Amino acid sequence: MRFIEMPGASSVELPPSIRTRSGVLFNPQDTLWSYRDGVNLIRLNFDQIHAPLRICQSLKLVLAWYAENQSPSHLGNLFDRFRHFVSKIRLTSDTISSSDLINYRATLDRQTEWYLGSLSGLLKRWHRMSFPGVSDDAAKYLRSIRIRGNPKGVAVRTMDPEQGRFTDVEFEAIRTALNQAHELHSIDQEDYVLTLLFMALGPRPIQYAAMKVCDITSLSTGSGTTYVIAVPRAKKREQDGRSSFKKRTLTPAIGKLVLEHAVEVRNRFASLLQDPQQAPLFPAKRRLKRESPGFEYHRTAGSLSEWFQVTMDRLMVRSERTGKSMNINATRFRRTLACRAADEGHGELVIAELLDHTDTQNAGVYVEATPGMMERIDRAVALKLAPLAQAFAGVIITDESQARRSGDPSSRIRDPRLDPKPVGNCGEYGFCGLMAPIACYTCRSFEPWLDGPHEAVLDHLIKERERLYSSSDRRIASIDDRTILAVAEVVRRCADITGGKQEHPNE
């Protein structure tokens, strides 16, 4: 530990052991605090705190109080804020003064001023506990100033393509890529279920890491089966990972998959746990060291987040806004859920309930945000965005003999309302039950004809969108946006192949 020895500095005695709120024991005298607390991995390296001995010893005592009484994530955040403080301000005294805090504040900008707000809570408690290291004038200074909080909602308000909400086209692209990867067995059932839950509910990784098999239940009624999942509440400083829950109803399709997954996990752990109902819903591949009681085989929040990120990266979904692979993470799904609720006219109370916030102070940004769907899509816009969106997944054929089901008239896809001529063939032998030909353009089994009436389909979809946009809700009008881009891509590719000689029947 890199203490700066000060002449006459009195030592502060540390106890030999501390028990965290969830019952984990560790030695606070160690230079490295490293332990599992629930689904959190704590690793605080006091070698990174370049400060006088008495300050470091007192810091440990104050942080020990936080370990005993508040959440491990809050403990880690406070350590990071103090580490940042001593990295910017060289402490030459064994007591933090108001001058040190004023100098530190001068190093911060509008985006980082909230660092001092978090540090302020730590230092004021330090002073109240009467441990040496924080002067009276420093505590008085902290009580006298007003510090702006962490800027909230910037990514949402600006529609940031990397950190903000997904557009409707992007969201549908993720859903399509996920379903295709599942059908092709390129992702596991567990990956599929976890991603569906992120898309549907929006909780944080720490909440999924704390889930158990017993949290998913079903109830048969006269109208069918209702599936309910109890989501552990997170980000509550004075609660542990499974002290309270928020019950959420799942759609039958998702609920059935989650329940089947839970049954499979329970059977897998029948010989490993005394009560397999207490098995984690998304277990670690192998048992981890120093697990907290009640969290055997649970992943940490960090490892679950990394696992989910790897799954999303494998989908390689491109954005129509950037033309690049999307940054897909849990936070963006959470923001999308809230924005979609706002788009549908729900207020701050409903959005706060969806996000499991204790108040509405952070929900207003979603109501204020500009709607995510494009207000207008015409033929020119569709043709420009089509290559970026990559919504078309099939293969264009120049002759029906190239079709997988050539010679089978039932494989031909047409819409007599638009044109008696077929638009292409279906390469799948099963019956999908989706509306042809509109749903076909985003299907990987679709084989559009080079000389098919794709222009007529595109013109029909754009006119229908304009009609719905002027007579109904904008979200209804935007339902087929990704299909429009898929049709536009077929039109564009056919024109490239034929040298621009594609017929334009409606022009």
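What follows is a chat between a student and a tutor about rings, strands and cores in this model.

Tutor: A word first: this is a predicted model, where local features need pLDDT of at least 70, side-chain atom pairs count only at pLDDT 80 or more, and totals for chains, interfaces and linings use all residues. Residues are numbered from 1 along each chain as its sequence is written, and side-chain values use heavy atoms, with hydrogens and water left out.

Student: How many aromatic pairs does a search of the whole structure find?

Tutor: The search gives 18. Rings of Phe, Tyr and Trp (its six-membered ring) pair if their centres lie within 6.5 Å; planes under 30 degrees apart count as stacked, over 60 as edge-to-face and the rest as tilted.

Student: Then why is the W114 and Y115 pair called edge-to-face?

Tutor: The centres are 4.8 Å apart and the planes meet at 85 degrees, so the pair passes the 6.5 Å limit and the angle is over 60.

Student: And what makes F282 and W307 a tilted pair?

Tutor: Their planes are 55 degrees apart, with 6.2 Å centre to centre. That angle is neither under 30 nor over 60, so tilted is what remains. F282 lies in the loop between helix 10 (252-268) and helix 11 (301-315), W307 lies in helix 11, and so the pair ties together parts 25 residues apart in sequence. Helices here (H or I, at least four residues) and strands (E, at least two) are DSSP runs, numbered from the N terminus.

Student: Why is Y115 called buried, while W114 is called partly exposed?

Tutor: Buried means under 20% relative accessible area, exposed over 50%, partly exposed in between (1.4 Å probe, protein chains only). Y115 has 17%, so it counts as buried; W114 has 23%, so it falls in between. F282 at 1% is buried, and so is W307 at 14%.

Student: Which aromatic cluster do F282 and W307 belong to?

Tutor: One formed by F166, F171, F198, Y208, F282, W307, F308 and F333. F198 sits in helix 8 (residues 189-201) and is buried, at 0%.

Student: What does F198 touch?

Tutor: Leaving out residues up to four places away in sequence, its contacts include P203, L304, F308 and F333; contact means heavy atoms within 4.5 Å.

Student: What makes the charged end of R125 count as sitting over the ring of W65?

Tutor: The rule wants NZ of Lys or CZ of Arg within 6 Å of the ring centre and within 35 degrees of the ring normal. R125 is 3.7 Å from the centre of the W65 ring. K60 also sits over a ring, that of F46, at 5.0 Å.

Student: How do you know that strand 7 and strand 8 pair?

Tutor: Two strands pair if DSSP finds at least two bridges between them. Strand 7 (residues 216-221) and strand 8 (residues 224-232) have 6, in the antiparallel sense, so they qualify. T217 stands opposite V228, and a hairpin of 2 residues joins the two strands. Strand 8 also runs antiparallel to strand 9 (residues 245-250), again with 6 bridges.

Student: What makes something a nonpolar core?

Tutor: It's a set of buried Ala, Val, Leu, Ile, Met, Phe, Trp, Tyr and Cys residues joined through side-chain atoms within 4.5 Å. The largest has 49 residues, and F282 is among those with the most contacts inside it. Helix 8 gives the most to this core, with 8 residues. A second, separate core of 41 residues includes W33 and I89.
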